[in-house]
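Let's take a walk through a protein model, one strand and helix at a time. Have the 3D view open as you read.

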Amino acid sequence: MTDTTAITRLTAAETAEKIASGALTAVEVTEAHLARIEAVDEKVHAFLHVDREGALAQARAVDAKRAAGEELGPLAGVPLALKDIFTTEGVPTTVGSKILEGWLPPYDATVTKRLKAAGIVILGKTNMDEFAMGSSTENSAYGPTGNPWDLTRIPGGSGGGSSAAIASFQAPLAIGTDTGGSIRQPAAVTGTVGVKPTYGGVSRYGMVAFSSSLDQGGPCARTVLDAALLHEAMAGHDPLDSTSVDAPVPPVVEAARAGSVAGMRVGVVKQFRGEGYQAGVVQRFDEAVAVLKELGAEVVEVDCPSFDLALSAYYLIAPSECSSNLARFDAMRYGLRVGDDGSHSAEDVTALSREAGFGDEVKRRIMLGTYALSSGYYDAYYGSAQKVRTLIKRDFESAFERVDVLVSPTTPTTAFPIGERADDPMAMYLADLCTIPANLAGNAAMSLPCGLAPEDGLPVGLQIIAPAMKDERLYQVGAAVEAAFVEKWGHHLIEEAPSL
Amino acid sequence: MPGITREEVAHLARLARLELKDEELDHFAGQLDDIIGAVARVSEVADQDVPPTSHPLPLTNVMRADEVRPSLTPEQALSGAPAQEQQRFKVPQILGEES
């Protein structure tokens, strides 16, 4: 096979199979994707850094292993786009911020190490909202990313570079991080699959911290099976992360291959519809629920009253944790330093460097968190937000006594135009309305495509939420729904995306 | 709850070590006021007898064996330093001239 376009349109599972059988070499696959990046990324701007040499070296190593008759991992030789929030030894890691421009990390994140050990080829680092704070990737200090379905619209955020990379066939796999929806919302608006594993399922070591009790890395792909294969490659206990769950990785690949909902109980979250929800989103969601019924699931409505307070609690908890986490950017040990001319004290240099290095949204959240944690306001804001978190956990617990998974639209609307919400933080925050509760409670959740909204022709996402450490249920249900849609449409939704 | 004033933003910025410009103070005061106004709804539950949740996992201290392991070399640890001297991070003056 020498047709490079055909190579870039393969799924990760197909690519791995062809490399294992010798039909393709890992170098051919990598070169095809590098050529695709060269051809389209000027328009999309999914990548902040392309590591051509590193990628080809890894591909050659996989081919050499195969030639030597060594056993290859299930994703060996498959290219991947890595969100620029994971440290990569000797390869720039900016977190979308000027404060880390030019920084070369001296170590690999655990996720990076696992990808390399699995023979996965890291093509480069993807664009993101600065420090993962945002829902549109417009907060990147390095300029926005376009949505491959319509380049004038946002690809979601914070992981818009990762979702855009796979939706534009620049890579079959990508990795994101999800603090309030930063994997699932980009997946929804680009017609791809994204999974936030159970909190603690994937190591946070070497993943630049935003809100430590919410942050979770996870897989992005074009199919449910591909997401499962990547999930298995990146997950598992890590002694370097004290919040990493010391338990076996849920059997996600097996579940994705089985893909059945017969006899399962599915709950439709009552709170996630109504005012603010686009008609076409609700229509496609209702059709997905009808598909679940046809496939043999028992569907009931579930009331989760505390979810109405989730967005408010999130925008107190996440900024509070971020104001503390980002204190490490003090211009002393690494990162940008401004004003060190002998006339400023260390403290002044810290303040000048942070002013110059952080963008508006990061400054807003640091100050919001500082406010919420300050004496006099702590009980009313941060304290109450923590109580809301308990109430949300309880809502989930009682829901999961009645049902196996919950479903909702992933986002209230399809992709909005770049610039539309850029200077209206509250409007931007509403993009995460449906995704936030799973972060607050630590549950596993997935978004997968359920069609195009009739009014604008843009992708709509179906969200599935499972109890903690029951990640396999996402894949079991997701694969069944995906198969039903592929049968109905005759192809995966992503096949309808413009060729660019 | 009181609205967020320009002076309050200046105070928060000082606490957070952000040397904000004058025009930023006005811009952020309006936006922070809007956000706080919207999220203040959480105080609806302030009087409820509900325990707080700070983390999704029931965490206790996680200890590891006290063993020597490979770690960064001094060169690696200092590789991102804005300034260094004699294998140390070099920082601007911390104390005032008079002290």
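## Strands, helices and a contact between chains

In strand β10 of chain A, the residue standing opposite A:G194 is A:S447. Keep in mind that this is a predicted model. That pair is a handy way in, and from there we can look at the sheet, the helices and the contact between chains.

**The sheet as a whole**

- Chain A has an open sheet of 11 strands with mixed pairing.
- If you trace across the sheet, the order is β1-β3-β2-β4-β6-β5-β10-β11-β9-β7-β8.
- At the edges sit β1 (47-50) and β8 (298-302) of chain A, and each of them pairs on one side only.
- On average, neighbouring strands in this sheet are turned by 25° against each other, if you ignore direction.

**Back to our opening pair**

- Strand β5 (residues 193-196) and strand β10 (residues 444-452) of chain A run antiparallel, and three bridges join them.

**Around β7**

- Strand β7 (residues 265-269) of chain A pairs with β8(A) in the parallel sense, over five bridges.
- A:G267 is a good residue to click on here: opposite it in β8(A) stands A:V300.
- To get from β7(A) to β8(A), the chain passes through helix α10 (residues 279-294) of chain A, and this β-α-β crossover is right-handed.
- β7(A) also pairs with strand β9 (residues 405-409) of chain A, again in the parallel sense, over three bridges.
- In β9(A), the residue opposite A:G267 is A:L406.

**Helices against the strands**

- Helix α4 (residues 52-67) of chain A packs on the sheet, where it touches β1, β2 (79-83) and β3 (121-126) of chain A.
- The direction of α4 makes about 160° with that of β3(A).
- Helix α6 (residues 160-167) of chain A lies across β1, β2, β3, β4 (173-177), β5 and β6 (217-221) of chain A.
- Compared with β4(A), helix α6 runs at about 160°.

**Where chain A meets chain B**

- The contact takes 55 residues from chain A and 46 residues from chain B.
- On chain A's side, α11 (310-325), α12 (346-357), α13 (360-372), α14 (379-402) and α15 (425-429) each supply at least two residues.
- Which helix gives the most to the side of chain A that touches chain B? That's α14(A), with 13 residues.
- Sorted by type, the residues on this side of chain A come out as 29 nonpolar, 15 polar and 11 charged.

Definitions and conventions: Residues numbered from 1 in each chain as written. Chains lettered and ligands numbered in written order. Predicted model: local features only at pLDDT ≥ 70, side-chain atom pairs only at ≥ 80, totals over all residues. Pairing = 2+ DSSP bridges. Helix = DSSP H or I, 4+ residues; strand = E, 2+ residues; numbered from the N terminus. Axes fitted to C-alpha atoms, helices over the stretch in contact; angles between N-to-C directions. Contact = placed C-beta atoms within 7 Å. Nonpolar A, V, L, I, M, F, W, Y, C, P; charged D, E, K, R; others polar. Right-handed = clockwise from strand over helix to strand, strands pointing away.
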